[in-house]
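Me: Could you take a close look at one part of this model for me? I would like to start from a single loop and its backbone, and then hear how that fits with the other local features.

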Amino acid sequence: IVLILILQLSFTTLYSQEKKALSHDDYDSWNNLESQQISHSGNWVIYEANPQDGDGVLWLYDVPDDEFKSFKRGYKAKIASNDSFIAFSIKVQKDTLRKAKLDGKIKDKLPKDSLGIYLIDADSLILIPRVKSFKVPEENKSWLAYLLEKELPVEDTAKLADTAAAPAEEKNTEEKKPEKKQDGNTLVVHDPLNGEHVRFKHVSEYSFSKNGGVLSFITTRKDSIDSVAVHCIIYPGLELKTIYQGPGYAKKAIPDEEGLQLAYMLTADTGKAKVYDLHLWSVEKGKDLKVIDKENPAMPEGWCVSENGRLYFSENGKRLFFGTAAIPEEEPKDTLTDDEKVSVDVWNWKDPLLQPQQLKQLEEE
């Protein structure tokens with residue numbers, strides 16, 4: 001019995017010496033494994049290891065060679081269906097972003113994410129700064145598209161120097177009419193294996209067909225008359241086709257899974273309440289096959305195609321699904337001046353706080 005007690009005491013002493021007391025600081029180093037993916041071939045596995053606080057790591061596991069490769073601050077990774085490359089976003093360092101916020105930088109001037117493209121066979125990494133989003137086809141093709149962030153304004157120092165040096169009487173006092181601020185961002189369509197790429201400005205949205213054969217996108221232009229263009233690119237060769245170009249507004253240009261047809265919404269209405277028509281366009285024939293508007297016999301009276309409904313094709317491309325909604329009405333013109341308008345706060349006796357206190361604490365809540 002004595003021997004057993006001695007052994008138990010010795011084991012307890014050794015075990016207590018090996019244990020480490022946890023503190024709240026230890027929680028930040030615990031990693032969450034997230035966004036696990038396996039390539040179509042099964043040769044590659046990717047996942048994120050993200051701590052509770054701090055910068056995470058994107059891990060790439062080579063199954064046949066049993067090797068790991070890591071990319072600091074990588075996330076949202078996508079593996080090309082033919083295992084040719086892996087694309088992923090790269091977060092700004094947390095400390096860098098925090099310092100910029102403390103310095104009072106506005107949202108547009110904060111540091112932005114980058115895009116990393118890892119070429120598997122070449123074992124090389126392409127880095128592209130200031131990327132807002134990217135997309136990779138689900139099947140078959142080795143290309144991708146990414147949308148750049150807005151360009152930072154560049155101060156024209158030469159112009160400032162010329163203005164300062166010019167005599168007062170020679171200064172041009174004529175005011176130039178400011179150009180309309182353009183919507184959309186620059187879209188880059190890129191084949192990372194051969195380096196071929198093209199750029200398009202003022203892009204509002206873009207979408208791949210599932211098989212990767214077609215990329216559709218919409219460009220806008222603000223001028224005296226707002227105009228829009230709907231395009232698609234055929235792979236390979238990055239052949240551009242313009243589906244529609246003219247005044248108006250468009251949204252939701254969506255190809256079917258095989259890239260044989262494309263649907264998009266279009267309106268010529270310039271007011272806030274817009275009524276969209278739905279167009280079905282054939283990639284092969286290069287023309288609209290069908291237009292569905294509010295006058296369509298199947299449309300309920302007083303209804304139209306919903307701009308907010310989900311738009312998608314069936315798997316075989318024989319059906320196109322879309323939402324409908326009541327025709328939107330323009331809001332009546334405001335005929336009251338500011339001093340004629342009345343503002344009322346409504347308080348209920350069941351509210352735990354008085355209305356002025358609720359408004360005061362609104363931001364905290």
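Reply: Happy to! Let's begin with D123, which sits in the loop between β7 (114-119) and β8 (124-128). Please keep in mind that this is a predicted model. D123 is not a glycine, yet its phi is positive, at about 50 degrees. Most residues other than glycine have a negative phi, and most peptide bonds are trans. With a relative accessible area of 49%, D123 is partly exposed, because the label "exposed" is kept for values over 50%.

S35 shows a positive phi too, about 55 degrees, and is likewise not a glycine. Its setting is a strand, β1 (residues 31-38). S35 has a relative accessibility of 40%, so it counts as partly exposed.

The backbone offers one more feature to look at: the peptide bond between Y235 and P236 is cis, with omega about 0 degrees. You will find P236 in the loop between β14 and β15 (239-247).

From the backbone, let's turn to the charged side chains. Side chains of opposite charge can pair when their charged atoms come close. The structure holds 9 salt bridges, and three of them are worth following here.

D53 pairs with K94, and their closest N and O atoms are 2.0 Å apart. This bridge links distant parts of the chain, with D53 in the loop between β2 (44-51) and β3 (57-62) and K94 in helix α3 (residues 94-102), 41 residues apart. D53 is partly exposed at 38% relative accessibility, and K94 is partly exposed at 39%.

The next bridge joins D183 to K222, with 3.5 Å between the closest N and O atoms. D183 belongs to the loop between α4 (157-165) and β11 (185-191), and K222 to the loop between β13 (214-221) and β14 (227-234), so the bridge ties together parts that are 39 residues apart in sequence. D183 counts as partly exposed, at 39% relative accessibility, and K222 does as well, at 24%. There is a third member to add: D183, K222 and D226 are linked in a network of salt bridges.

Finally, K251 and E307 meet through their side chains in a salt bridge of 3.0 Å, N to O. K251 is in strand β16 (residues 249-255), while E307 is in the loop between β20 (303-305) and β21 (312-313), so this pair connects parts 56 residues apart in sequence. E307 has a relative accessible area of 23% and is partly exposed, since buried would mean under 20%.

Notes:
Residues are numbered from 1 along each chain as its sequence is written. This is a predicted model: local features need pLDDT of at least 70, side-chain atom pairs count only at pLDDT 80 or more; totals for chains, interfaces and linings use all residues. Side-chain values use heavy atoms; hydrogens and water are left out. A salt bridge is a side-chain nitrogen of Lys or Arg within 4 Å of a carboxyl oxygen of Asp or Glu. Helices (H or I, at least four residues) and strands (E, at least two) are DSSP runs, numbered from the N terminus. Buried means under 20% relative accessible area, exposed over 50%, partly exposed in between (1.4 Å probe, protein chains only).
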